[in-house]
Amino acid sequence: MKIVVCIKQVPATGADKRYTADLRLDRTGVEAIINPLDEYAIEQALRLADAGTADSVTYLCMGPDQASEALRRALAMGGDDAVLITDAALAGADEWTTAKVLAAALDKLAPDVALMGMASDDARGSLVPGAVAAMRDVPLLSYGSELALADGEARVRRLSATGFDWIAAPLPVVATVTDQVGEPRYASLKGIMAAKRKPLETWSLGDLELSADDLHGAALTTVTDTRAPEEKPPTERIENVPAPEAAAKIADWLEQRKLI
Amino acid sequence: MSNDILFLAEFSAGKPARSAIELATGAADLAAQSGGSAVALAYGSGAASGGAALGAHGAARAVVLGDEDRPAITYAPAAVAAARDAGLAVLAPATPNGRDLAAALVGSLDLPAFGPVRAARVVDGVLESEQATLQGSVITTARPADGAPTPSVVLVLANTFTPAEGGSGTAEVAQAPDAGESALSRATVAESHEADAKVVNLEEATVIVAGGRGVGGEEGFAPLRELAEALGGAVGASRAAADAGWIPYQLQIGQTGKVVKPSLYVGAGISGAIQHRVGMQTAEHVIAINRDPDAPIGEFADLFVVGDLFEIVPALTEEIRRRKATSGG
Ligand SMILES: Cc1cc2nc3c(=O)[nH]c(=O)nc-3n(C[C@H](O)[C@H](O)[C@H](O)COP(=O)(O)OP(=O)(O)OC[C@H]3O[C@@H](n4cnc5c(N)ncnc54)[C@H](O)[C@@H]3O)c2cc1C
Ligand SMILES: Cc1cc2nc3c(=O)[nH]c(=O)nc-3n(C[C@H](O)[C@H](O)[C@H](O)COP(=O)(O)OP(=O)(O)OC[C@H]3O[C@@H](n4cnc5c(N)ncnc54)[C@H](O)[C@@H]3O)c2cc1C
């Protein structure tokens, strides 16, 4: 059983982020990390490898050159090898483009399971996994708090409105997991050393037999404007008063806004 | 190509989800701007019998993708057939099911994707939308690239459109074109486990009282529940509280929980971590109750009450009950 984990490199959560003059994310001088939700996908894949269910774990990332750091960090957690897809023609890639490129790479890698995070930390579209599944014409098993593999079938445990379901589909599949799969492991010093020797290939669009024309430039969407969010009025504070008085003040505040 | 605005409408037991009603209203508003009609892509149990009622909220037509209780993604082939070359945009709720079906449209028909958006309008015959990105620090406006295929696929956050009520229209109901099967329709429910207690859908709540680690345990939620009841709302939680097993995960708010947009959010014993904030920052009014005067939630709440939640929450419940009783309401 072969698993490919798709990981995205994103700016560190809470880092000071800006857009450039040409309305792209300015990545200079911002610390980059593995999308935190993709660490859970890595953890899920490595647990299946630890259990002997998965024979190999490969990481796949589309991003700029520096994204190879994210792949090295993933390899330090475990797994076998990695592929970085990078190409000048991909700058400004949107969700459709990302899905198109990942789908082409997955066609080449042909895993039983393409495992992804439930969303990226920065754009938060959660559309890439389903789009990849549709492009490759394989089932989508999404939002799993656990992924199980057996007898040519994959299953995810997914929250339902009141409880949970196990959703099943025949392999190969695209699956996504949530932060409920268990805390991602840390890379050990030994892991970090070992990662340096694990294979990391770099592919360009040419290696996927795709061209910038196939990708409609790099995007089907265009950002026309960026601005700061509306200024909120300053926070009102109630402090250093006994609880009944605080309660009366909160109730007044609610009444003024017709909330009670 | 028409100028219609399509929207995904999920049904359960014949009733449309609140998202379906909101999107009907939004689609009708956008269709008025584009010169087309609002068309529902209705799926789930009772979609066929319930579809017509979406007319009261602005839908001109309802195309029924299927009428069973099965994983939403299995409706993808029908959704793809119904959306092919059909109109300016497809609005989808920014819920797990809505995202899965939207993604299937993007991948199957090679369509531009937007969102989750918090506003949309038609400008020069093109759908333009606004999205909060980079954890809410920047608002971007986006539109399809020149020559991009239609329809655009647009994820819409809850409460972006205020449901139009009191209408009397009836949507014309039609079956989706026969789409057959695809790999996406091959997912099945292998096992189903129901919880003992009924869990509310936070995405539909207009008032939420949320508790975090500061609530201290399962029992600590009792005063929050009473406050929620007095305010006519529901109880939610941070991941810390859900991870501790004090409350079901269905009630977790945040990046990996529900994204909520109530008119009032009260957070008690919640510090306001960025991952929690992205799930509630679009609430209209935010009250935070925290004993730490420097808690991060104090930086973005509208009203920050510094104090012990176990004193303030019961006092507030009592005060609200008293005022409601005296006003006769
Ligand atoms: C040169 C270059 C520059 C880029 N610049 C930007 C930029 O400025 N801003 C930006 O947001 N993105 C950038 N990208 C990445 C790409 O555009 C985004 O990954 C894409 O838009 C995904 O959308 P999302 O974040 O909504 O994904 P989601 O659908 O939310 O992601 C869900 C899951 O899909 C998988 N996934 C998503 N993207 C990738 C990826 N790139 N590689 C591997 N797996 C992935 C992950 O498992 C992730 O958890 C760039 C890429 C390249 C090659
Ligand atoms: C990938 C990822 C995804 C995540 N997704 C989510 C998510 O979806 N939702 C989410 O909520 N979190 C999420 N988190 C976790 C998040 O980072 C925080 O750890 C979490 O929100 C903290 O919960 P909390 O505010 O309840 O607890 P804490 O941060 O511990 O805060 C407890 C607060 O209670 C106050 N307090 C204690 N006792 C009292 C009292 N008696 N009266 C008043 N105040 C009191 C304290 O002053 C403190 O501010 C995610 C994290 C990661 C890495």
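Visitor: Is Ala13(B) buried or exposed in this model?
Guide: In this predicted model, Ala13(B) sits in the loop between β1 (5-12) and β2 (15-16) of chain B, and its phi is near 50 degrees, a positive value in a residue other than glycine. The cut-off for calling a residue exposed is a relative accessible area over 50%. Ala13(B) has a relative accessibility of 69%, and therefore counts as exposed.

Visitor: What is the relative accessible area of Asn240(A), and where does this residue lie?
Guide: Asn240(A) belongs to the loop between β16 (236-238) and α6 (243-256) of chain A, and its phi is near 60 degrees, which is positive although the residue is not glycine. Most residues other than glycine have a negative phi. Asn240(A) is classed as exposed, because its relative accessible area is 76%.

Visitor: Is Ile3(A) buried or exposed?
Guide: Ile3(A) is part of strand β1 (residues 2-6) of chain A, and beyond its sequence neighbours up to four places away it touches a set of residues including Ala45(A), Leu48(A), Val57(A), Val113(A) and Leu149(A). Its C-alpha also lies 6.0 Å from that of Ala114(A), although 111 residues separate the two in sequence. Since buried means under 20% relative accessible area, the 0% relative accessibility of Ile3(A) makes it buried.

Visitor: Which residue does a cis peptide bond join to Leu171(A)?
Guide: Most peptide bonds are trans. The bond in question has an omega of about -5 degrees and is cis, and the partner of Leu171(A) is placed in the loop between β12 (164-170) and β13 (173-177) of chain A. That partner is Pro172(A).

Visitor: What is omega for the peptide bond from Gly115(B) to Pro116(B)?
Guide: Pro116(B) lies in strand β6 (residues 113-123) of chain B. The peptide bond that leads to Pro116(B) from Gly115(B) is cis, with omega near 10 degrees.

Visitor: What is the radius of gyration of chain B?
Guide: Chain B has eight helices and 16 strands. For its 329 residues the globule rule gives 20 Å, and the radius of gyration is close to that, so chain B is as compact as a globular protein of that length, at 21 Å.

Visitor: How many Å separate the centres of the two domains of chain B?
Guide: Chain B is divided into domain 1, covering 5-186, and domain 2, covering 202-326. Across the boundary, 10 residues of domain 1 are in contact with nine residues of domain 2. Taken over C-alpha atoms, the separation of the two domain centres is 31 Å.

Technical notes:
Residues numbered from 1 in each chain as written. Chains lettered and ligands numbered in written order. Predicted model: local features only at pLDDT ≥ 70, side-chain atom pairs only at ≥ 80, totals over all residues. Heavy atoms only, no water. Helix = DSSP H or I, 4+ residues; strand = E, 2+ residues; numbered from the N terminus. Rg over C-alpha atoms; globule rule 2.2 N^0.38 Å. Domains from an automatic or database assignment. Contact = heavy atoms within 4.5 Å. Buried < 20%, exposed > 50% of the residue type's maximum accessible area, 1.4 Å probe, protein only.
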